[in-house]
Every structure is written in structure tokens, then in C-alpha cells.
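Reader: I'd like to learn how to read strand pairing and helix packing in a model like this one. Can we go through it together?

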Amino acid sequence: FGLDWSHLQIMVELRGAEGIEPDPDKMLFPNADVSTSVGGIPLKVPVFIAALGSTAVAKRNWEGLAEGAAISGTIQVVGENVCGMDDEATITNGKVADSPDMRFRIETYRKFWDGKHGDIVVQTNVEDQRLGVDVYVISKLEVNVIERKWGQGAKAIGGEVRISNLDKAIRLKKRGYLVIPDPEDPSVQEAFKAGLFRTFERHSRVGNPTLEAFVEDVEKLREQGAKKVFLKTGAYRPAVVAFTMKVASEAKIDCLTFDGAGGGTGMSPVPMMQECATPTVYLEAQVLKCAEILRKKGKHVPDIAMAGGFVNETQIFKAIAMSNFGYGPYVKAIAMARAPITAVMKATYFVELAKQDKLPKQFKELYGSDPDTFFIEAQDLKRRFGEKYKELHPGAIGLYTYWQRIKVGLQQLLAGCRKFKLDLITRRDLASLTERAARVTGIPTIDQLETELMEQILL
């Protein structure tokens, strides 16, 4: 994409300290505070899991993801189409009355949730709204937060999944989904049974939001009992970023997640993965321009979360610092999907290998053959949860470990900048390494940085 987070460099400091007493005995990196708050929800770490919905990869790894988010003190978002895709869901008069899969996802998170840090969020697209998923989860499952969805960085159209069962394809069509080819067509059924094709495609509709309708929708959600309302949107063209920010401001939503190109977890048409939409750094620059205009006009600016390819603490640091013009960061946290899924899958896989005594020789030499040994955070979790530790999914321990690594990395970066609270890092803690980065972000290159101040110090 020509521009990513590596085009920005973190500028560290030597003297003084912010957020802590400037005493070398206290300016220790473990004392740096990386907690944050998103839409009024406190998070122990400035990352959360973006919506993972009806895809198989989400369902297979849900216990590790949800439990890992809960014990890490952060948010887990249930993605779109979960109720609609639930084979055991009860649909009455076109509305969902019960969904065992949705209940499973929410209860799995709450099993280890402390009730204070993070929360379970349910995302709803056009299909979910038609099925009344928001009403169901608020009234029956006591969900506090609803997230509306207008697409993601890799998906400007509705989500797609493959269906290999004819009866399910017919059921989904009757529930209102677009299913290709038509599973109720006798000739299509005949071709499927003959093996001429093996899967149907289930697609979701696209929305067509307006300012007035969205504001009314948010008001209605709050009347129904939603304590927080979020919005997730993709990396559409710049004018859409401005429209989204205006609508979010008018509706006074609590958190707005922007998802930069590319990526996706299985529901995105492949060409959209890389060839469509706005890459993350460009997108954040657009979002910040809009936020500053709204702020200067005295308008509501919701908390912002950025998504789109985030993996490590340096990227997270840069995204948050870039959003702070001197009165606190607009970007409060980073939303992730593929990185947490990878952590959960890997952790689960290596525990299975350990049970089968099939761990690679080099792995055993480096880390040992017992999960309580090769999960470096296992002992802390044992002390924290006692006997309940045994109920933790291995993937959850892996995800917790990954995010603890990010936490420590952030603490070290904060200490290096002599800023011991996350919301103290600003654009002054960054420098551009390329002219393009400087032009897009407005952050000067290193050769332009503090030139006058250097002269003042010397003279």
C-alpha cells in the first residue's frame, strides 16, 4: 500500500517523566499504565477482539477467544449472522426467539468475566436487524452493548459463507438470506445431488444508511435497553468517512471502529481483501481530520478504535500516539481478529501435540513438554483462578499470554518515552521516516523535527 506503520518512528526521551514521579526508582517500565477505556468500558489492555460471527473459524475457536478476552479484561464482539446461521435457532414470525449458539457465545465469555473490565458486544447487520437479534440479546440474554455494522476493511458487500447441506441452504433462504444458486429450484437440487457442485453461497445484504434513520435507530436501541451503542465500518472512500463521523456524532454513539484494508477472516470476497478500500494509516489520517473538525465545532466525537492488520505493540503505540493532538487520544484501543485467532489456534494445537507426545524436539528443548511450562503465564493464572484454572481453554491461555506480551512491550515503549500512562503519548512522540508518511499524517520527518529547539538549547 506504499505506507504502513513502519514509516513512522517512535521518538524516545532521556529526561523527566510524565504520569509518574521522576525518580529512577519509580520510573520502572512495569509501572507504566496501559489500561484504557472504550465507550466508557474500562479495558486492562488497549486491544479487543473485533466481531467474529458465523464463520467456522470463529465457532471452532470461540472458547479460546471469548475466555481469553474475558481473563485479559477486554471486549469480545460477537459478529454478524450468528442467530441466522444457527441450525437450532427458533424463529417465530420472522424473529429470533432463541439461539443456542448465541447463548453459548455470550455465556462462554461471562464464565470468566470479572463484570468490570471489558464486556460482550453483539454486532448486527441488516439480516440480524430483520431477525430482531438486537431485541433478543438485549431482552433475553441481558447484553449491554449493541454494535451496528456498515462493512469492514475487506468487505464492502455483505458477508459470504459456503453451505454444503441442501436442507440448510433452503432453511437459510427461508430466513431471508440470498442463497446462490437457488436451493428451492428443482434443477439446482438435482445438480447438487448429482455432485455437479458441492456448496451453495449464502450472502448478506448491504445496508443503505441515512443520517436520520441511524439516529432514530440508535435512540430506539437505547429505549430497548442497550446501555452502549457501537458502530463498525469499513475503509470506504474519504467522503464516506466524513459521513460516518457526522452520523456517529449526531447519534452520540459510544464507540466507532474503523477497519482498514485489507484482511478478513473468511467471509470476504477475495479481490476485496487487498484491492479495495483505504489502507489503515491513510484511513486513520482521514478519521483524525474529521475528528478535529468536529471537536473544533463543539460536536460529539465518539471514542475511536482502529482495526486493520495490527499485530504488535509498536503499531498499537503509533496508532494511539498519532491520534493525540495534545488533549488525549481519539483512538482509545485497537481491534484485532486474525492475530488473536492465530494465538488461540497455535496454543490449542501445541497442547494437542503435547497430549499425543508429538511436540517437535526443538520445541521441547526450548520450552518443555508440559503446557504449564510452555505457557509462560500459566502459573500466574493458576494463582488467580485456583481450581477454576483447569476449566480454562488452552487457547484462552495462549491469547492471554500473547496480549500480556503486547502489554509488556507497550510498557517498555512508554517508559522509553518517559510517559507512564497510555493517554499521555502524543504526535510529538513520533516522526515520519518518509515524505509520504509526513504528507499523509502531518507528522514531520526526523530531519524537520525540533530543529529550532536544538539551536535554542545550544545557544
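Reader: How many bridges join S10 to S12, and do the two run parallel or antiparallel?

Author: Keep in mind that this is a predicted model. The general idea is that strands of a sheet pair through backbone hydrogen bonds, either parallel or antiparallel. Here S10 and S12 run antiparallel and are joined by 4 bridges. To see one pair, look at Val161, whose bridge partner in S12 is Arg202.

Reader: What does S12 do with S11?

Author: S11 and S12, the latter covering residues 200-203, also pair in the antiparallel sense, over 3 bridges. Two spots to click on: Ile180 has Glu201 of S12 as its bridge partner, and Leu178 stands opposite His203 in S12.

Reader: In which order do the strands of that sheet come?

Author: The order is S10-S12-S11, an open sheet of 3 strands with antiparallel pairing. S10 (160-163) and S11 (178-180) are at the edges with a single partner strand each, so one side of each has no neighbour in the sheet. From one strand to the next, the twist averages 25°.

Reader: How do I read the two faces of S12: which residues lie on each side, and are they buried or exposed?

Author: In a regular strand the side chains alternate between the two faces of the sheet. In S12, Phe200 and Arg202 lie on one side, with Glu201 and His203 on the other. These residues are all buried, and both faces of S12 are covered.

Reader: Now the other sheet. What is the strand order in the closed barrel?

Author: The barrel has 8 strands and runs S4-S5-S8-S9-S13-S14-S15-S16, with parallel pairing. Ignoring direction, neighbouring strands there are turned by 25° against each other on average. For a sample pair, take S13 (residues 228-233) and S14 (residues 255-259), which run parallel and are joined by 4 bridges. Lys232 has Thr257 as its bridge partner in S14.

Reader: Which strands does H13 touch when packing on that sheet?

Author: H13 (residues 313-322) touches S4 (47-52) and S16 (331-336), and its direction makes about 145° with that of S16. H18 packs on the sheet too, touching S4 and S16, with its direction at about 135° to that of S4.

Reader: And helix on helix: how do H2 and H18 cross?

Author: Two packed helices are described by the angle between their axes and the distance between the axes. For H2 (residues 62-72) and H18 (residues 394-416), the axes come within 7 Å and cross at roughly 45°. The two helices are therefore oblique to each other. The crossing is right-handed.

Reader: Which residues meet there?

Author: From H2 you'll find Glu63, Gly64, Leu65, Glu67, Gly68, Ala69, Ile71 and Ser72, meeting Gly395, Ala396, Leu399, Tyr400 and Trp403 in H18. By type, the contact residues of H2 with H18 divide into 7 nonpolar, 4 polar and 2 charged.

Reader: Let's try another pair. How do the axes of H10 and H12 cross?

Author: The axes of H10 (residues 238-251) and H12 (residues 280-296) come within 10 Å, crossing at roughly 45°. That makes H10 oblique to H12, and H10 passes H12 in a right-handed crossing. H10 brings Pro238, Val241, Ala242, Met245 and Ser249 to the contact, while H12 brings Leu283, Gln286, Val287, Cys290, Ala291 and Leu294. The residues of this contact of H10 with H12 divide into 9 nonpolar, 2 polar and no charged.

Definitions and conventions
Residues are numbered from 1 along each chain as its sequence is written. This is a predicted model: local features need pLDDT of at least 70, side-chain atom pairs count only at pLDDT 80 or more; totals for chains, interfaces and linings use all residues. Side-chain values use heavy atoms; hydrogens and water are left out. Axes are lines fitted to C-alpha atoms, for helices over the stretch in contact, and angles run from 0 to 180 degrees between N-to-C directions. Angles under 35 degrees count as roughly parallel, over 145 as roughly antiparallel, 65 to 115 as roughly perpendicular and the rest as oblique. A crossing is left-handed if the near helix is turned anticlockwise from the far one by less than a right angle, and right-handed if clockwise. Contact means heavy atoms within 4.5 Å. Ala, Val, Leu, Ile, Met, Phe, Trp, Tyr, Cys and Pro count as nonpolar, Asp, Glu, Lys and Arg as charged, and the others, Gly among them, as polar. Two strands pair if DSSP finds at least two bridges between them. Buried means under 20% relative accessible area, exposed over 50%, partly exposed in between (1.4 Å probe, protein chains only).
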